[in-house]
Amino acid sequence: MYAALPLIPIIVIVGWNGAIMYLSGLDYTPLTAVLGSMTIGVASEYTILIMERCEEELSRGLTLHDAIAVSVQKIGTAITVSGLTTVFGFAALMLSEFNIVANFGITTVITVGFSLAGAILIMPAVISLAYKNRDYGE
């Protein structure tokens, strides 16, 4: 059951991506259509890293909330730096005069940004709710 937990933030992130594309009037093109698969790839990596680090901290004897805090602090920093590097790299595509390339840059920035938010904000909440009935010294 716990292996499926990263799916919850991923579903939320895919929904956010679709909503922001609709609200901002971005057209679906072959390049922006890869948004869903890119979201699943990036978000699954980030959320799994948070969850696995939390498992490591729990095995070291930390309480659930302390394990979550340490996980987000340690892995969250690395994920944030990695994600922001990707965001700034793809943000350069937004300056393109080709509409398709510019839209791909925008959607990639949105995808990685939401993936970061999902991993750092939503995944800890999901872990907290899913693990609350386990005995971790709470």
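**Burial, bridges and packing in a four-helix model**

Biologist: Ile40 is found in helix 2, and since we are looking at a predicted model, I would like to take each label back to its value; why is Ile40 called partly exposed?

Modeller: The relative accessibility of Ile40 is 46%, and a residue is buried under 20% and exposed over 50%, so Ile40, which falls between the two limits, counts as partly exposed. For its surroundings, the C-alpha atoms of Ile40 and Leu7 are separated by 8.8 Å, although the two residues are 33 residues apart along the chain.

Biologist: What makes Glu55 partly exposed?

Modeller: Glu55, which also lies in helix 2, has a relative accessible area of 26%; this is not under 20% and not over 50%, so Glu55 is partly exposed. Leaving aside neighbours within four places in sequence, Glu55 is in contact with Tyr131 and Arg134, and its C-alpha atom is 8.9 Å from that of Ile68, 13 residues apart along the chain.

Biologist: Before we go on, how many residues does helix 2 have, and how does its reach compare with the expected value?

Modeller: Helix 2 has 25 residues, and the distance from its first C-alpha to its last is 36 Å, which is close to the 36 Å expected at 1.5 Å a residue. Just after helix 2, Gly61 takes a positive phi of about 100°.

Biologist: Glu57 has its place in helix 2 as well; why is Glu57 called buried?

Modeller: The relative accessible area of Glu57 is 5%, and the limit for burial is under 20%, so Glu57 is buried. Not counting residues up to four places away in sequence, Glu57 touches Leu62, Ala67, Val70 and Ser71.

Biologist: How do you know that the side chains of Arg53 and Glu57 meet in a salt bridge?

Modeller: The N to O distance between the two side chains is 2.8 Å, and the criterion asks for a side-chain nitrogen of Lys or Arg within 4 Å of a carboxyl oxygen of Asp or Glu, so the pair of Arg53 and Glu57 qualifies as a salt bridge. Both residues lie in helix 2, four residues apart, about one turn of the helix, and Arg53 is buried, as is Glu57.

Biologist: What about Arg60: is Arg60 buried or exposed, and what joins the side chains of Arg60 and Glu57?

Modeller: Arg60 has a relative accessibility of 59%, and exposed means over 50%, so Arg60 counts as exposed. Its side chain meets that of Glu57 in a salt bridge, again at 2.8 Å from N to O. Through salt bridges that share partners, Arg53, Glu57 and Arg60 are joined into one network, and a search of the whole structure finds two salt bridges.

Biologist: Turning to helix 1 (residues 7-24), where Asn17 is found, why is Asn17 called buried?

Modeller: Asn17 has a relative accessible area of 1%; the limit is under 20%, so Asn17 is buried. Residues up to four places away in sequence aside, Asn17 touches Leu35, Thr39, Ile110, Thr111 and Phe114.

Biologist: And what makes Val81, found in helix 3, exposed?

Modeller: The relative accessible area of Val81 is 52%, and the limit for exposed is over 50%, so Val81 is exposed. The C-alpha atoms of Val81 and Tyr46, 35 residues apart along the chain, are separated by 12 Å.

Biologist: Why are helix 3 and helix 4 called roughly antiparallel?

Modeller: The axes of helix 3 (residues 64-91) and helix 4 (residues 99-131) cross at roughly 175° and come within 9 Å; angles over 145 degrees count as roughly antiparallel, and helix 3 and helix 4 are therefore roughly antiparallel to each other. The residues of their contact divide into 16 nonpolar, nine polar and no charged.

Biologist: What pattern does the protein follow along the sequence, and how many of its contacts join residues far apart in numbering, at 24 or more positions?

Modeller: The pattern is α-α-α-α, with four helices and zero strands. Among contacts with a separation of 6 or more, residues 24 or more positions apart account for 75%. Of the 138 residues, 40% count as buried, and the C-alpha atoms fill a box of roughly 55 × 25 × 20 Å along the principal axes.

Technical notes: Residues are numbered from 1 along each chain as its sequence is written. This is a predicted model: local features need pLDDT of at least 70, side-chain atom pairs count only at pLDDT 80 or more; totals for chains, interfaces and linings use all residues. Side-chain values use heavy atoms; hydrogens and water are left out. Axes are lines fitted to C-alpha atoms, for helices over the stretch in contact, and angles run from 0 to 180 degrees between N-to-C directions. Helices (H or I, at least four residues) and strands (E, at least two) are DSSP runs, numbered from the N terminus. Angles under 35 degrees count as roughly parallel, over 145 as roughly antiparallel, 65 to 115 as roughly perpendicular and the rest as oblique. Ala, Val, Leu, Ile, Met, Phe, Trp, Tyr, Cys and Pro count as nonpolar, Asp, Glu, Lys and Arg as charged, and the others, Gly among them, as polar. Buried means under 20% relative accessible area, exposed over 50%, partly exposed in between (1.4 Å probe, protein chains only). Contact means heavy atoms within 4.5 Å. The expected span of a helix is 1.5 Å times one less than its number of residues.
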